[in-house]
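Student: I have a model open and want to go through its contacts. Can we take them one at a time?

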Amino acid sequence: MITKPGVKNTKSERARAETGKVIVKAEGKTYAELLKRVKNNVNLEQAGIDIKRVKRTQNGDLLLEVEDREKATKLKETINRNLEDVNVIQKTNEVTLHITNIDGDIEENELKEEIKKNNKDIGDTFQILALRQMRNGNKAATIKAEKRVAEGLLKTGKIRIGWVQCEIRKRVQITRCFRCLGYGHRTGDCQGEDKSDVCIKCGKKGHVAKDCSNPPYCTTCNRDGHRADQMGCPIFRKLISQESRKRASRKITPRNGEGLQNPVFTN
């Protein structure tokens with residue numbers, strides 16, 4: 001991409017340069033075992049693929065980041081040809097959204113049909129990740145949608161579900177360390193206790209969250225009944241609330257004297 005001197009790249013131009021990501025997973029295999037298998041059995045140099053980043057996912061799987069989505073597709077095909085016992089998933093350009101104040105009697109299949117019926121552009125380009133009860137008796141849902149569709153929904157900040165215009169917003173991301181399982185810093189900056197071999201669901205060693213059948217235990221507030229990354233944790237809930245207020249305050253102040261184009265919880 002060529003940019004004229006003194007002219008900054010637009011957001012749409014930067015979006016074209018987004019990297020591609022592939023997740024490699026296999027039943028009973030650890031992150032270290034997956035990484036070793038890929039390195040020993042897949043010739044990336046021969047395939048003309050450069051890895052920009054290697055990362056352990058929250059569930060203990062292997063994430064590989066490459067230059068763009070085309071290279072990610074090629075990487076997925078290359079791994080599949082050489083390793084038959086792994087599951088390779090190409091991460092798409094999706095956004096996670098929260099919908100709140102849904103009628104309390106709505107079930108997941110009804111929610112899916114309501115979203116499709118009242119938002120014609122969305123089609124089948126979304127996935128319901130969770131539907132849960134709120135304290136006020138209503139329900140909240142977490143969905144994942146293609147970026148184009150998500151941006152359209154976020155422009156109004158509302159989505160009709162049944163009788164109600166429900167609030168929709170982008171998920172608030174909290175920086176988390178996968179070494180000490182704490183918040184507010186990344187693994188490379190961690191000075192805390194190494195808990196990277198601890199299951200983030202139950203707090204015990206010897207397995208990862210995707211294989212865990214134990215009841216949840218929070219390693220942040222040291223309480224039973226929820227994970228450390230769920231709203232049941234008062235510490236996590238407080239951090240989410242603080243980040244939400246910061247995000248909202250950034251949208252209140254117009255930049256360069258211009259009006260706000262999208263005041264509803266976007267990046």
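What follows is a short dialogue on salt bridges, an aromatic pair, a helix face and one lysine.

Student: What kind of model is this?
Tutor: Local features need pLDDT of at least 70 here. Side-chain atom pairs count only at pLDDT 80 or more. The model is predicted.

Student: How many salt bridges does the structure hold?
Tutor: The pairs include R53 with E65 and E67 with K71. E107 with K139 is also one of them. The count for the structure is seven.

Student: How far apart in sequence are the parts that R53 and E65 tie together?
Tutor: The two side chains meet in a salt bridge, 2.8 Å from N to O. R53 lies in strand β2, residues 53-56, and E65 in strand β3, residues 62-66. The pair therefore ties together parts whose separation in sequence is 12 residues.

Student: Is E65 buried or exposed?
Tutor: Its partner R53 is partly exposed, with a relative accessible area of 35%. For E65 the relative accessible area is 10%. Buried means under 20%, so E65 is buried.

Student: What is the closest N and O distance between E67 and K71?
Tutor: E67 is partly exposed at a relative accessible area of 47%. K71 is partly exposed too, at 25%. A salt bridge needs the nitrogen within 4 Å of the carboxyl oxygen. The closest N and O atoms of E67 and K71 are apart by 3.6 Å.

Student: Where does K139 lie?
Tutor: The side chains of E107 and K139 meet in a salt bridge, 3.6 Å from N to O. E107 lies in the loop between β5 (94-102) and α5 (108-118), 32 residues apart in sequence from its partner, so the pair ties together separate parts of the chain. K139 lies in strand β7, residues 139-146.

Student: Which residue of the pair E107 and K139 is buried?
Tutor: E107 has a relative accessible area of 41%, which makes it partly exposed. A relative accessible area of 8% is found for the other residue. The buried one is K139.

Student: Is the ring pair of Y183 and F236 stacked, edge-to-face or tilted?
Tutor: A search of the whole structure finds one aromatic pair. The ring centres of Y183 and F236 are 5.6 Å apart, with the planes at 45 degrees. Stacked needs under 30 degrees and edge-to-face over 60. The pair is therefore tilted.

Student: Where is F236?
Tutor: Both Y183 and F236 are buried. Y183 sits in the loop between β9 and β10, 53 residues apart from F236, and the pair links distant parts of the chain. F236 is in helix α7, residues 234-252.

Student: What arc do the buried residues of α2 fall within?
Tutor: In helix α2 (residues 31-41) the buried residues are L34, L35 and V38. They line one face of the helix. On the other side, K36 and N40 are exposed. Cover for the buried residues includes β1 (20-25), β2 and β3. Seen down the axis, the arc is 100 degrees.

Student: Which residue's backbone oxygen lies 3.0 Å from a polar atom of the K201 side chain?
Tutor: K201 is in the loop between β9 (164-170) and β10 (217-218). Residues it touches include A209, C212, S213, N214 and R227. The C-alpha atoms of K201 and R227 are separated by 5.3 Å, though the residues are 26 apart along the chain. The backbone oxygen in question belongs to N214.

Definitions and conventions. Residues numbered from 1 in each chain as written. Heavy atoms only, no water. Helix = DSSP H or I, 4+ residues; strand = E, 2+ residues; numbered from the N terminus. Contact = heavy atoms within 4.5 Å. Polar contact = N/O pair within 3.5 Å; in protein donor to acceptor, adjacent residues only side chain to side chain. Buried < 20%, exposed > 50% of the residue type's maximum accessible area, 1.4 Å probe, protein only. Phe/Tyr/Trp six-rings, centres within 6.5 Å; stacked < 30°, edge-to-face > 60°. Arc of directions from axis to C-beta. Lists of a residue's contacts leave out its neighbours within four places in sequence.
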